[in-house]
Amino acid sequence: MNQQLFEAVDNYICTLVATEDEALKATIESIEANGIPQISISASQGKFLQVLAKLCNAKRILEIGTLAGYSTIWMARALPKDGKLISLEYEPLHAKVAAENIKHAGLENIVEIRTGAALNLLPELTKDGNAPFDMIFIDDDKPPYAEYFEWALKLSRQGTLIVADNVIREGKVLNEN
């Protein structure tokens, strides 16, 4: 019942403030068409990330976990024309589909997708001059979240906004391990 209630409230919020345009709808369709798990954030969560990016005046965003680029599109739309979003994705198929979706949304000049294990790619960001980031969104494989957060701290500056998805799901955040 709680999940149904959550989904009903989320859908209601989406109809009020987070309507999806054709590019976002096509991104959702591409997930199913390519056999990718449907684990994207919701439209209301995407809009929330977009608002957060605007509120912190983000010019540089790091996303750990691209999937098909749904959250990427929401956040990239908050960036100025000279902004940059770097998204890290482990699965080559997901990265390919995301690149197509990002191009369809007209954001290919703002978004860069890097393919590989995030824990291998994160050290490169300190070496190639992309850090610090103004906003970092973590939504990837759950077991290394603590390591992702440590890297987020290294790649941030004072005032960087760090958002980690799914950290309170099912109360597991209370498990000391």
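Helix faces and helix contacts in a predicted model

In helix H2, the residues Ala-23, Leu-24, Ala-26, Thr-27, Ser-30 and Ile-31 are buried. Viewed along the axis of H2, these buried residues occupy an arc of 160°, and they therefore line one face of the helix. The structure under discussion is a predicted model. An α-helix has 3.6 residues a turn, so residues three or four places apart point the same way. On the other side of H2, Glu-22, Glu-29, Glu-32 and Ala-33 are exposed. The partners of the buried residues of H2 are H4 and H5, against which they pack. The helix also has the expected length: the 12 residues of H2 should span 16 Å at 1.5 Å a residue, and its end C-alpha atoms are indeed 16 Å apart.

Helix H5, one of the partners of H2, may be examined in the same manner. H5 comprises residues 92-104, which is 13 residues, and its first and last C-alpha atoms are separated by 18 Å, close to the 18 Å expected at 1.5 Å a residue. Its buried residues are His-94, Ala-95, Val-97, Ala-98, Asn-101 and Ile-102. Because they cover an arc of only 165° around the axis, they are on the same side of H5. Pro-92 and Lys-103, on the other side of H5, are exposed. The buried residues of H5 pack against two helices, H2 (22-33) and H4 (70-76), and against two strands, E2 (84-89) and E3 (111-115). After H5 comes Gly-106, which has a positive phi, near 75°.

Within H5, His-94 merits separate attention. Its relative accessible area is 13%, and since buried means under 20%, His-94 is classed as buried. When residues up to four places away in sequence are not counted, His-94 touches Ile-36, Pro-37, Leu-67, Ala-68 and Glu-89.

The discussion now turns to pairs of helices. Helix H1 (residues 2-17) and helix H3 (residues 43-55) pack with their axes 8 Å apart, at an angle of about 55°. H1 and H3 are therefore oblique to each other. From H1, the contact involves Asp-10, Ile-13, Cys-14 and Val-17, and from H3 it involves Ala-43, Ser-44 and Lys-47. Classified by type, the residues in the contact of H1 with H3 are four nonpolar, one polar and two charged.

A second pair is formed by helix H6 (residues 118-127) and helix H7 (residues 145-154), whose axes come within 11 Å and cross at roughly 5°. Angles under 35 degrees count as roughly parallel, and H6 is therefore roughly parallel to H7. The residues of H6 that take part are Ala-118, Leu-119, Leu-122, Pro-123 and Thr-126, and they meet Glu-147, Tyr-148 and Trp-151 in H7. In this contact of H6 with H7, six residues are nonpolar, one is polar and one is charged.

Pro-123, found in helix H6, belongs to this contact with H7. Its relative accessibility is 21%, and Pro-123 therefore counts as partly exposed. Pro-123 and Lys-154 are 31 residues apart in sequence, while their C-alpha atoms are 9.4 Å apart in space.

Methods: Residues numbered from 1 in each chain as written. Predicted model: local features only at pLDDT ≥ 70, side-chain atom pairs only at ≥ 80, totals over all residues. Heavy atoms only, no water. Axes fitted to C-alpha atoms, helices over the stretch in contact; angles between N-to-C directions. Helix = DSSP H or I, 4+ residues; strand = E, 2+ residues; numbered from the N terminus. Parallel < 35°, antiparallel > 145°, perpendicular 65-115°, else oblique. Contact = heavy atoms within 4.5 Å. Nonpolar A, V, L, I, M, F, W, Y, C, P; charged D, E, K, R; others polar. Expected span 1.5 Å × (residues − 1). Buried < 20%, exposed > 50% of the residue type's maximum accessible area, 1.4 Å probe, protein only. Arc of directions from axis to C-beta.
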